[in-house]
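Got a minute to go through this model together? I'd like to know what stands behind each label.

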Amino acid sequence: LIKIANAIVDRLDCDRDSLAKAFEALVEYTHYHFTAEEKLMMLYDYPGSAHHARKHGELIVQVAEYQERVLGGDVPDKASFLHFFESWLVRHILDEDRRFGVFLNAKGVY
């Protein structure tokens with residue numbers, strides 16, 4: 001996710017087609033990653049899975065909104081996208097995913 005988001009930042013000054021492809025990759029990978037993570041939560045009966053999945057859903061909606069804006073010809077400025085990325089993805093990783101990781105580690109999953 002971080003690599004794709006960085007690619008988007010690099011393409012914000014490029015043509016719309018290049019940026020649209022980068023957002024498409026972000027949408028696809030977000031779905032893939034969150035689906036895999038939620039399956040793992042179900043497998044280990046993670047008690048915070050419903051809350052975590054809601055957070056995933058919120059993020060998917062926001063990423064899709066960015067993608068729609070780009071497809072409509074609107075290019076977000078770097079500061080706006082970086083704020084979104086840092087506040088959402090990084091916070092999600094440091095908070096939600098860290099708790100899930102601690103839970104998995106307690107179950108013997110490393």
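Q: How do you know that the length of H4 fits a helix?
A: H4 has 29 residues and spans 39 Å from first C-alpha to last, close to the expected 42 Å. That expected span is 1.5 Å times one less than the number of residues. As for the label, helices are DSSP runs of H or I, at least four residues, numbered from the N terminus.

Q: What sort of model is this, and what goes into the values?
A: It's a predicted one: local features need pLDDT of at least 70, side-chain atom pairs count only at pLDDT 80 or more, and totals for chains, interfaces and linings use all residues. Residues are numbered from 1 along each chain as its sequence is written, and side-chain values use heavy atoms, leaving out hydrogens and water.

Q: Where is the kink in H4 centred, and what angle is meant?
A: On His92, at about 35°. The bend is the angle between axes fitted to the seven residues ending at a residue and the seven starting there.

Q: Why is the set with Ile8 and Phe23 called a nonpolar core?
A: A nonpolar core joins buried Ala, Val, Leu, Ile, Met, Phe, Trp, Tyr and Cys residues through side-chain atoms within 4.5 Å, where buried means under 20% relative accessible area (1.4 Å probe, protein chains only). The largest such core has 22 residues, including Ile8, Phe23 and Phe84. H2 gives the largest share, seven residues.

Q: What makes Leu59 a contact of Phe84?
A: Contact means heavy atoms within 4.5 Å, and Leu59 is one of the residues in contact with Phe84 beyond four places in sequence, as is Tyr66.

How values were computed
Buried means under 20% relative accessible area, exposed over 50%, partly exposed in between (1.4 Å probe, protein chains only). Helices (H or I, at least four residues) and strands (E, at least two) are DSSP runs, numbered from the N terminus.
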